[in-house]
Amino acid sequence: FSAPMGIRGRGNSTWSFPKKPWKVKLDSKASIFGMGADKEWCLLANYSDRTLMRNILAMKLSEICGFAWTPHMYSVHVYLNNEYQGVYTFCEHKKVSQDRVDIDVDAGDVYLEIEQQQDETTCWWTSMGVPMMFSDPEEPSAELLAEIQKHFDDFEDALYSKDMADPVKGYAAYIDVDSFIDYYIVQELAKNTDGNLRKSSFITKKKGGKLVMHHLWDFDLTFGNSGGLLHDPEGFFIKDYTPGWYIGDNWFNRMMKDSAFVDRLQARWNELYPQLVAMVDFIDEQALILDKAQQQNFKVWSIWESVDWVDCPSLGSYEKEVDFLKEFYSERVEWMNTAINNL
C-alpha cells in the first residue's frame, strides 16, 4: 500500500521522549491491515514499555470484555525518511466514525474524555474533581454543554444521596453500569497510573441516554511498569483512596458501597476470570511475534542501561521484561480474584 500523507507528533508526556509517537493523516480514506477505511491513524512509540506489548495486551482485554469499540493494533517496523525508527504499534486513531466511536454527534450524542491536561477547547471539572473535556463536538452549544454538565452533577449527587442504590433515583439512572464495571476491571487489573479518573478515559452519551465507558486507551505505564505501589501486584488502586494520586472519593469507591454493584462486579469478574487467566499465553504469543523485531528496536533505542526509567529500573533484557510482565499479570489476576470475591 502506498499513499500521500501528512504526519505530525502526538501525545502529551510521550512526546517528550526520544522515540516520538506520530499521527498519520492520509490524503484519502484507505483500509490498512483490513481495518475500516479512514484517513487518520496512529503510531504509538511505546518508549516507556520495554516489552512493546502492553497496549496490545490491554486491547485484547477490551475484546474479552466486549467494549463498544476496541482499537485494532498491530506491531510494525517504522521508517521515517528512509531512517529506521524502531518497533511501533500501528492503530486506529480514536475518533467519532462509523468504524470507530460510532455515535451521531449531529443528533446530540457526545464523545468525552477524562483528561487532567484539559487541553481541548471545552473543558470543566465535575463536582467530585473529575477533569472532563469535549472531544466531539469540540465546541458544543451552550445548551448542550449545560445539559451534559447537569447530567454529571445529577450523577454525582445521586452517588452521595440516601437513595444511591435505588435503580431509579440512584446513580444507575445516569450511567451504563455494565460498561463502568468492565472499565473498572481492566483498569484495576492493569493498575493503570492514569486509570483512576485522571487521564485517557473515554465516555460517550447518546442524546437522552446514559454515560457509557466506551473504549480503552493508553496502557504503556501499566501492569507493573511504574514505581511505588504500582509496581506491586497486590493492593487496590482504582477502588480506594490513594494518597498522592487522587484526592477524596472517586466514582468507584462510592459505587462499591452499594451491595448490588458489588454483586454485579463479582459476577462479571467470575464470568471473565477463565479468559483473564489464559492471557499469559497471549503474552507469550506476542513475545514470539516480537522476538527478532525487538532486537532491531533496541539497537536504536538502547534503554537497558537505564537505572531509573518511569520509576521502574531496567531488568537488563527483553526476555526478563517479558517474564516480569507475565509474573506481574499472573499474580495480579490471582490477587484480584481473591480480593474482589471477598468484597
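**Exercise 1. Locate Arg50 and determine whether this residue is buried or exposed.**

Solution. Arg50 is found in the loop that runs between β3 (38-44) and α1 (54-65). The structure is a predicted model, and the values below are computed from it. The relative accessible area of Arg50 is 1%. Buried means under 20% relative accessible area. Arg50 is therefore classed as buried. As a last step, consider its side chain: a polar contact of 3.5 Å links the side chain of Arg50 with that of Glu321.

**Exercise 2. State how β2 is joined to β1 and to β3, and give a residue pair for each.**

Solution. Begin with β1 (residues 5-9) and β2 (residues 22-30): the two strands run antiparallel and are joined by five bridges. Within this pairing, Trp22 of β2 stands opposite Gly9. Next, take β2 and β3, which are likewise antiparallel and connected by five bridges. Here Lys25 has Glu40 in β3 as its bridge partner.

**Exercise 3. Give the strand order of the five-stranded open sheet and explain which strands stand at its edges.**

Solution. The order is β7-β8-β6-β9-β10, with antiparallel pairing. The edge positions belong to β7 (123-125) and β10 (211-215); each has a single partner strand, so one side of each lacks a neighbour in the sheet. From one strand to the next, the twist averages 35 degrees.

Now examine one pairing in detail. Strand β6 (residues 110-114) runs antiparallel to strand β9 (residues 201-205), and five bridges join them. In this pairing, Ile114 stands opposite Ser201 in β9. Finally, add the helix: α3 (residues 177-190) packs on the sheet and touches β9 and β10. The direction of α3 makes about 45 degrees with that of β10.

**Exercise 4. Describe the packing of α6 against α7.**

Solution. The description of two packed helices uses the angle between their axes and the distance between the axes. For α6 (residues 279-300) and α7 (residues 318-341), the angle is about 160 degrees and the axes are 10 Å apart. Angles over 145 degrees count as roughly antiparallel, so α6 is roughly antiparallel to α7. The crossing of α6 past α7 is right-handed.

The last step is to identify the residues that meet. On the α6 side they include Met279, Ile283, Ala287, Leu290 and Phe298. On the α7 side they include Tyr318, Val322, Leu325 and Tyr329. Charged residues are also listed, among them Asp284 and Asp291 in α6 and Glu319 and Lys326 in α7.

Conventions. Residues numbered from 1 in each chain as written. Predicted model: local features only at pLDDT ≥ 70, side-chain atom pairs only at ≥ 80, totals over all residues. Heavy atoms only, no water. Pairing = 2+ DSSP bridges. Helix = DSSP H or I, 4+ residues; strand = E, 2+ residues; numbered from the N terminus. Axes fitted to C-alpha atoms, helices over the stretch in contact; angles between N-to-C directions. Contact = heavy atoms within 4.5 Å. Buried < 20%, exposed > 50% of the residue type's maximum accessible area, 1.4 Å probe, protein only. Polar contact = N/O pair within 3.5 Å; in protein donor to acceptor, adjacent residues only side chain to side chain. Parallel < 35°, antiparallel > 145°, perpendicular 65-115°, else oblique. Left-handed = near helix turned anticlockwise from the far one by under 90°.
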